[in-house]
Amino acid sequence: MVAFGYTLMTEQRGPRGLVGDAVAAENAGFDFEVISDHYFPWLDVQGHSPNCWSVLGAVASDTERVALMTFVTCPTMRYHPTVVAQQAATVAILAGEGRFTLGLGAGENLNEHVIGQGWPSANVRHEMLGEAVEIIRALFDGGVVNTAGEYFRVDSAKLWDHPEQPVPIAVAVSGRQSVDRFAPMADAMVAVQPRADLVRRFDDAAGATVPKIGQLPISWGPDVAEAVARAHEQFRWFTGGWKVNAELPGPASFAAASQSVRPEEVAASIPCGPDVTAHVEAFRPFVEAGFTHVALVQVGGDTQPEFLEFAERELIPALREAYGKAEAPAIRRR
């Protein structure tokens, strides 16, 4: 049984549009919604990047049922971990008990360079993230937190408003090093590649079977050529892989790095067009790899209202017929 999610992609939609899409996605029948936490879009043509936490507050208030999650927040540079903990606790209260999960990751240069402190190596970023997760979890557990770590100092921090049940934490991983480091402290796994080896290793390192959340871009539209052109225009950066995507400093760099990517290459990795069967089959690698949750991204901000009508009418029923319906899509603290 798989939970099917919808991505509120801040890079391609303004704040009012995102809130409206969140309500429409809940009404369409999606089980959960994730939101990206960016300072920049990947490419200039995407055209947006509102503050995700402001949007989340409105989404939490305007929706009723759907589970919510950041996908993902970097709690090490733009935000101090104590600030992330306060933001997450507040959203969790607004959303209501059990609806919000804090998704965390090591971040991208694209978004974190804005504070002017340089971009650390991957090993240092993982060390910083590990320290940040420990601080956030301690604040979620209540009481006053004091710590002097290698990267962060916390002086008498306490969350005065927090939900009765601590907010669950999901952590993004991409390989053995990140899995081994973060699985023992995470309530769920986040990954963008449908790798069964990551799923198995994460559970082994966690000492428990935990939810696995993936993400899948699609470019739905009534005209195949237009859907391919849109995916190429706005999502060709996706072909670079996360080892590259984490390092580039701005939209101009992503445009330069992806200038030789052809439309047919994008179409080979992102299903494009109106064929429901093709979109349903694109989920299969995640399902077969053992992912319990998959959030789709519909490419193109202005296509969201029409896409959500299609999702309610055709896509979600077809997904549930193929893969079943999750009974409890919300993530729980383990």
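This is a short tutorial dialogue on reading pockets, cavities, cysteines and one helix in a predicted model.

User: I'd like to start with the open spaces. How much space lies in the largest pocket, and which residues lie nearest its centre?

Analyst: Happy to help! A pocket is open, whereas a cavity is a space that the probe cannot get out of. Here the largest pocket holds about 1000 Å³ of space. Its lining is made of 43 residues, and Glu108, Ala172, Val173, Ser174 and Trp242 lie nearest the centre. Two or more lining residues come from each of α5, α6 (176-182), β9 (212-220) and α9 (242-245). The biggest contribution, five residues, is that of α5.

User: How do the residues of that lining divide into nonpolar, polar and charged?

Analyst: For the largest pocket there are 20 nonpolar, 15 polar and eight charged residues. You can set that beside the second largest pocket, which has a volume of about 220 Å³. In that one, β9 and α13 (284-289) are the elements giving two or more residues to the lining, and β9 has the largest share with three. Of its 14 lining residues, Val192, Gln193, Pro194, Phe238 and Phe286 lie nearest the centre. By class, the lining of the second largest pocket has nine nonpolar, five polar and no charged residues.

User: Now the closed spaces. How many cavities of 30 Å³ or more does the structure hold?

Analyst: There are three of that size. The largest cavity has a volume of about 50 Å³. Strand β3 (residues 67-70) gives the most to its lining, with three residues. Among the residues lining the largest cavity are Phe32, Ala67, Leu68, Met69 and His293. This lining has seven nonpolar, two polar and no charged residues.

User: And which classes of residue make up the lining of the second largest cavity?

Analyst: That lining has two nonpolar, four polar and four charged residues. Asp37, Arg78, Glu108 and Glu112 are included in it. The space inside the second largest cavity is about 40 Å³.

User: Let's turn to cysteines. How many disulfides are there?

Analyst: First the general idea: a disulfide is a covalent bond joining the sulfur atoms of two cysteines. To count one, look for a pair of cysteine sulfur atoms within 2.5 Å. By this rule the count is zero. Take cysteine 52: the nearest cysteine sulfur, that of cysteine 74, is 12 Å away.

User: Is cysteine 52 buried or exposed?

Analyst: The cut-off for buried is under 20% relative accessible area. Cysteine 52 counts as buried because its relative accessibility is 0%. Cysteine 272, at 18%, counts as buried too.

User: Finally, helix α3. How far apart are its end C-alpha atoms?

Analyst: They are 21 Å apart, and the expected span for the 15 residues of α3 (residues 81-95), at 1.5 Å a residue, is also 21 Å, so the two agree. Just after α3, glycine 96 has a positive phi of about 105 degrees.

User: Which residues of α3 are buried, and what covers them?

Analyst: In general, an α-helix has 3.6 residues a turn, so residues three or four places apart point the same way. In α3 the buried residues include Pro81, Val84, Ala88, Val91 and Ala95. Their cover includes α2 (52-62), β3, β4 (100-104) and α5 (122-140). Glutamine 87 also lies in α3, and at 19% relative accessibility this residue counts as buried. Leaving aside neighbours within four places in sequence, glutamine 87 is in contact with Trp53 and Tyr79.

Note on methods
Residues are numbered from 1 along each chain as its sequence is written. This is a predicted model: local features need pLDDT of at least 70, side-chain atom pairs count only at pLDDT 80 or more; totals for chains, interfaces and linings use all residues. Side-chain values use heavy atoms; hydrogens and water are left out. On a 1 Å grid over the protein atoms alone, a cavity is a set of points where a 1.4 Å probe fits but cannot get out, and a pocket is an open set with protein on both sides within 12 Å along at least five of seven lines; lining residues have an atom within 4 Å of a point. Grid points are joined across faces, edges and corners, and a volume is the space filled by probe spheres set on the points. Helices (H or I, at least four residues) and strands (E, at least two) are DSSP runs, numbered from the N terminus. Ala, Val, Leu, Ile, Met, Phe, Trp, Tyr, Cys and Pro count as nonpolar, Asp, Glu, Lys and Arg as charged, and the others, Gly among them, as polar. Buried means under 20% relative accessible area, exposed over 50%, partly exposed in between (1.4 Å probe, protein chains only). The expected span of a helix is 1.5 Å times one less than its number of residues. Contact means heavy atoms within 4.5 Å.
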